[in-house]
Amino acid sequence: MSPENRPSPDKRPLSPHLNIYKFRLHMFISITHRITGVGVATGLLALVYWLAAAAYGPESFARVQYVYQSWFGYLCLLGWTVCLFYHLCNGIRHLFWDIGWGFEKNQYMNSGLAVLAATFVLTAASWFIGLSG
Amino acid sequence: MKMRSALGQVRGLGSAKTGTDHWYTERLTALALVPLTLWFVASLISGIGSDYQTLKAWMEVPGHMAMTALMIIVTYWHGALALGVVIEDYVHNKTAEIASLIAIKFGAFVWAVVALVAILKLGLGD
């Protein structure tokens, strides 16, 4: 086959995509790492807005605090806390994989469940301490 | 007429050399962010942001200012690398891909500088 007749790269067959696989919890745990990473980054915009408002003085800080301490602000903060702890815990799991640990089936199953549990515990503990303090 | 295949064109151009740099830096910053993030979140929970005076007094401690600045710089680095990968994976239009990559790199840098200026103003300002 001459080079001109060769199928162009985007016409070549692709490997099977997501929709042929049966859903598994660990697919969810995997893609959630990315989603929560983007979530953390989005929340960081609000964190820097908060710091910048404080740098402009007590009045602008009070205005931002008013919004952040509304029910909507708390809802966003709760979402951000979940994203942060998930990405942190699963990130540590990834670092262990990077040095070659935890690839046995029962190990990655259990570490995935541990990430979900740790996210819940850390989020609940943070809000309990934060609100009671 | 192009007589050479894509593989033929790339052969002989040398090794990738810095090929693992992106991957390695993402891991290195992740490792550093574990203690930095835990420290900053613990500080927030302890109530450093309850009001303006408390936040300012907290930031005036040099160690707090240095640690917060470190957290910001490493977060910027990790985030800029990682969001770039997300764009490369999901934005398939070449023009949109390059435009979003530029926007992310610029945006992350602006984000970090604004944060650092705010930290310095709070910690050093009167």
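The following dialogue concerns how two chains of a predicted model meet.

Mentor: This is a predicted model, in which local features need pLDDT of at least 70, side-chain atom pairs count only at pLDDT 80 or more, and totals for chains, interfaces and linings use all residues. Residues are numbered from 1 along each chain as its sequence is written, while chains are lettered from A and ligands numbered from 1 in the order in which they are written.

Trainee: What makes A:L51 a residue in contact with chain B?

Mentor: Two residues are in contact if their C-beta atoms, placed from the backbone, lie within 7 Å. A:L51 touches B:A115, B:A118 and B:I119, leaving aside residues up to four places away in sequence.

Trainee: How many residues does each chain bring to the contact?

Mentor: Chain A brings 22 residues and chain B 27 residues. On the side of chain A, the largest share, ten residues, comes from helix 1 of chain A.

Trainee: Why is helix 1 of chain A called oblique to helix 4 of chain B?

Mentor: Their axes come within 11 Å and cross at roughly 130°. Angles under 35 degrees count as roughly parallel, over 145 as roughly antiparallel, 65 to 115 as roughly perpendicular and the rest as oblique. The crossing angle therefore makes helix 1 of chain A oblique to helix 4 of chain B.

Trainee: Which residues make that contact?

Mentor: Helix 1 of chain A uses A:R34, A:G37, A:V38, A:A41 and A:L44, and helix 4 of chain B uses B:T75, B:G79, B:A82, B:L83 and B:V86.

Key
Helix = DSSP H or I, 4+ residues; strand = E, 2+ residues; numbered from the N terminus. Axes fitted to C-alpha atoms, helices over the stretch in contact; angles between N-to-C directions.
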